[in-house]
Amino acid sequence: SLHSCSICGHLTDEDVCSICRDDSREKNVICVTEDSKSVFTFEKSGHFNGVYHVLNGLISPIDDISPEDINIASLVSRVKEMENPELILSLKSSIEGETTMLYLKKIFENSNVTISRLSYGIPMGADIDYLDPVTIDKALVDRKRISE
């Protein structure tokens, strides 16, 4: 009896999922994910107090998946109703993920929407000797200052 939430697209057995119904969450901060599995991962961490939007896929011209084939239209409608919306793009670092992020950035570029993405880089406990050049490059670009 599981189906998509009528608001965010996450899996639920009700019309609106428990996350969207939770009044203690920041409704104007939306973490955009590829699938419901990512929502479960974020919820397990216990550190995100916003809401989610599940795209149920990524734009992939080579696989004939266009923006109309994934859950973007409802995201656009949802954001238009908000005051000071913030989107956190939590999509995989792949051609499809980057394409989807660029598309979303283009859609919202002339609006009051704040858009960010999760940083990429070196995982906790990783040995530098075993990292690929792209991961090292992303870590350098996304580095953070630790002293003023």
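Here is a quick briefing on confidence, one buried arginine, the main nonpolar core and a pair of cysteines. The model is predicted, with a mean pLDDT of 91 for the protein. A search of the whole structure turns up zero disulfides, and the largest nonpolar core runs to 34 residues.

**Confidence**

- Of the protein's residues, 99% reach a pLDDT of 70 or more.
- Strand β4 (residues 50–54) comes out highest, at 97, while helix α5 (residues 133–141) is lowest, at a mean of 83.
- As a rule of thumb, predicted coordinates should not be read in detail where pLDDT is low.

**R25 and its surroundings**

- You'll find R25 in the loop that links α1 (18–21) to β3 (26–33).
- Is R25 buried or exposed? R25 counts as buried because its relative accessibility is 11%, below the 20% cut-off.
- The R25 side chain has a polar contact with the side chain of E43, at 2.5 Å.
- A polar atom of the R25 side chain also sits 3.4 Å from the backbone oxygen of F48.
- Leaving aside residues up to four places away in sequence, R25 touches I19, E43, F48, N49, G50, V51 and Y52.

**The largest nonpolar core**

- Which residues have the most contacts inside this 34-residue core? They are I30, V32, L75, L87 and F108.
- The elements that give two or more residues to the core are α1, β3, α2 (36–45), β4, α3 (73–80), β5 (86–90) and α4 (95–108).
- Strand β3 supplies the largest share, with four residues.
- Take F108 as one of those well-connected residues: not counting residues up to four places away in sequence, F108 touches L75, V76, V79, L87, V113 and I115.
- Two of the F108 partners, L75 and L87, are themselves on the list of residues with the most contacts inside the core.

**The cysteines C17 and C20**

- Why is C17 not bonded to C20? The closest cysteine sulfur to that of C17 is in C20, but at 3.7 Å the two are too far apart for a bond, since a disulfide needs the sulfurs within 2.5 Å.
- Looking from the other side, C20 is in no disulfide either, and its nearest cysteine sulfur is that of C17, 3.7 Å away.
- C17 is buried, with a relative accessible area of 2%.
- C20 is buried too, with a relative accessible area of 10%.

How values were computed: Residues are numbered from 1 along each chain as its sequence is written. This is a predicted model: local features need pLDDT of at least 70, side-chain atom pairs count only at pLDDT 80 or more; totals for chains, interfaces and linings use all residues. Side-chain values use heavy atoms; hydrogens and water are left out. Buried means under 20% relative accessible area, exposed over 50%, partly exposed in between (1.4 Å probe, protein chains only). A polar contact is a pair of N or O atoms within 3.5 Å; within protein, one must be able to donate a hydrogen and the other to accept it, and residues adjacent in sequence count only if both atoms are side-chain atoms. Contact means heavy atoms within 4.5 Å. pLDDT is the predictor's confidence in each residue, from 0 to 100. A nonpolar core is a set of buried Ala, Val, Leu, Ile, Met, Phe, Trp, Tyr and Cys residues joined through side-chain atoms within 4.5 Å.
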